[in-house]
Amino acid sequence: MLCQLVIYDIISLLDKKEHVFHKGRCCIIGQFTKNKPRFKVIKIDPNKKMCDPKPFTILVINENSLSTEYDKARFEWNLNDYKNETSEGFSNICQLCGNPHLKHNFIIHNPNTDKFLSVGSTCIIRFGVVKGNIDVESGTQIVENFMKEREHYFNVRSLVKGMMVRQPDAKDFQMFYKSLKKILDSKNLKEPTIDELGEICYGERWVEFKEVELIRERLRLIWYRPMIINDMTVKTKVRKDREIKEGTTFGHKSRTSVYIPAAGRSTSFKTDSISD
């Protein structure tokens, strides 16, 4: 009974905090947005080769690291975040080589100096930057593993709003739970606290919602009693827009016209053969 009360109360909460959730998806049960955000997959060139860093690259790494020796300083860095062209704070300039045509930002962080750099994946691999990056194969693997992790975070954070409704979409819930499990497994967290779940699901925004008991309770149910949520899910069919072709008519069903030639008259009906 408590679970039902919590779930019903969340709906009333959504009306008061529309800025927290997708408008139209959470306030009305059964209405879901058709255009869901998708994670962009980055293709890494398998033919990349390591090369000697440019003087500019050495200068940037050394100035922002604890060590002043490049071969030691480059291993102080870790992959921290990823941004694409639509992300806030995106920059198209690589801070390691000056390339002004970036389409993806990889944010690397040095915990010794707490410095951040926005760079491209090519520079990470070819210059051997970040811890554990000793050759092209290992560098590529590090970047690919990081992107897989980012994809799970993307899924969780883009779908968590839809998990707060009374009847979440079934496919969304499966994807959400699977990605959440992958993240927790990578952190070796089998029994996470609600705050740990909140930080994963909401990131920096968790400070805004951590005191909302209804959200905390729903996160607890999702992880510790997922079958309760799973039984409440609904399967929603996304209606495809009708493809409009030239000559398409609207408002009536298509009809098939059949042409029937008129029958010829008999000669007995010719006026010139009828006598007075």
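1. Which side chain makes a polar contact with the side chain of Ser 65? The partner is Trp 77, and the distance is 2.9 Å. This is a predicted model, and every value in this note is computed from it. Ser 65 sits in the loop between α2 (55-63) and α3 (70-73). Its relative accessibility is 9%, so Ser 65 counts as buried. Leaving aside neighbours within four places in sequence, Ser 65 is in contact with Ala 73, Glu 76, Trp 77, Asn 110 and Thr 113.

2. Overall layout. The chain has 10 helices and 3 strands. Along the sequence the pattern reads α-α-α-β-β-β-α-α-α-α-α-α-α. The chain has 276 residues, and 38% of them count as buried. Take the contacts between residues at least 6 apart in sequence: 62% of these join residues at least 24 apart. The accessible surface comes to about 18,400 Å². Carbon and sulfur atoms hold 50% of that surface.

3. The strands. β2 pairs with strand β1 (residues 78-84) in the antiparallel sense, over 6 bridges. β2 also runs antiparallel to β3, joined by 5 bridges. β2 is mostly covered, with 6 of its 7 residues buried. One bridge sets Asn 78 against His 109 in β2. On the β3 side, Ile 107 stands opposite Ser 118. As a general point, side chains in a regular strand alternate between the two faces of the sheet.

4. Asn 110. This residue belongs to strand β2. Buried or exposed, at 0% relative accessibility? Asn 110 counts as buried, because the cut-off for that class is under 20%. A polar atom of the Asn 110 side chain lies 2.9 Å from the backbone nitrogen of Asn 112. Not counting residues up to four places away in sequence, Asn 110 touches Asn 64, Ser 65, Leu 66, Glu 76, Trp 77 and Lys 115. Ser 65 and Trp 77, the pair from point 1, are thus both among the residues that Asn 110 touches.

5. Asn 78. This residue is found in strand β1. Asn 78 is partly exposed, with a relative accessible area of 34%. Leaving aside neighbours within four places in sequence, its contacts are Ile 107, Ile 108, His 109, Pro 111, Val 130 and Lys 131. His 109 is also the bridge partner of Asn 78. The C-alpha atoms of Asn 78 and Phe 116 are separated by 9.6 Å, and the two residues are 38 apart along the chain.

6. Positive phi at Asp 114. Asp 114 is not a glycine, yet its phi is positive, at about 60 degrees. Where is Asp 114 found? It is in the loop between β2 (104-110) and β3 (115-119). The hairpin of β2 and β3 has 4 residues between the strands. Asp 114 is exposed, with a relative accessible area of 51%. The cut-off for exposed is over 50%.

7. Positive phi at Val 130. Val 130 also is not a glycine, and its phi is positive at about 85 degrees. Val 130 lies in the loop between α4 (121-126) and α5 (136-159). Val 130 is buried, with a relative accessible area of 2%, whereas Asp 114 is exposed. Asn 78 is in contact with Val 130.

8. Cysteines. How many disulfides does the count come to? The count comes to 0. For Cys 97, the closest cysteine sulfur is in Cys 123, 3.5 Å away, which is too far for a bond. The cut-off is 2.5 Å. Cys 201 counts as buried, at 1% relative accessibility.

9. Helix α9. Does the length of this helix agree or disagree with the expected span? At 1.5 Å a residue, the 12 residues of α9 (residues 213-224) should span 16 Å. The end C-alpha atoms are 16 Å apart, which agrees. The buried residues of α9 are Ile 215, Arg 216, Glu 217, Arg 218, Leu 219, Leu 221, Ile 222 and Trp 223. Charged names appear in that list, including Arg 216, Glu 217 and Arg 218. An α-helix has 3.6 residues a turn, so residues three or four places apart point the same way.

Note on methods
Residues are numbered from 1 along each chain as its sequence is written. This is a predicted model: local features need pLDDT of at least 70, side-chain atom pairs count only at pLDDT 80 or more; totals for chains, interfaces and linings use all residues. Side-chain values use heavy atoms; hydrogens and water are left out. Helices (H or I, at least four residues) and strands (E, at least two) are DSSP runs, numbered from the N terminus. The expected span of a helix is 1.5 Å times one less than its number of residues. Buried means under 20% relative accessible area, exposed over 50%, partly exposed in between (1.4 Å probe, protein chains only). A polar contact is a pair of N or O atoms within 3.5 Å; within protein, one must be able to donate a hydrogen and the other to accept it, and residues adjacent in sequence count only if both atoms are side-chain atoms. Contact means heavy atoms within 4.5 Å. Two strands pair if DSSP finds at least two bridges between them. Accessible areas come from the Shrake-Rupley method with a 1.4 Å probe; for residues, only the protein chains shown count as cover.
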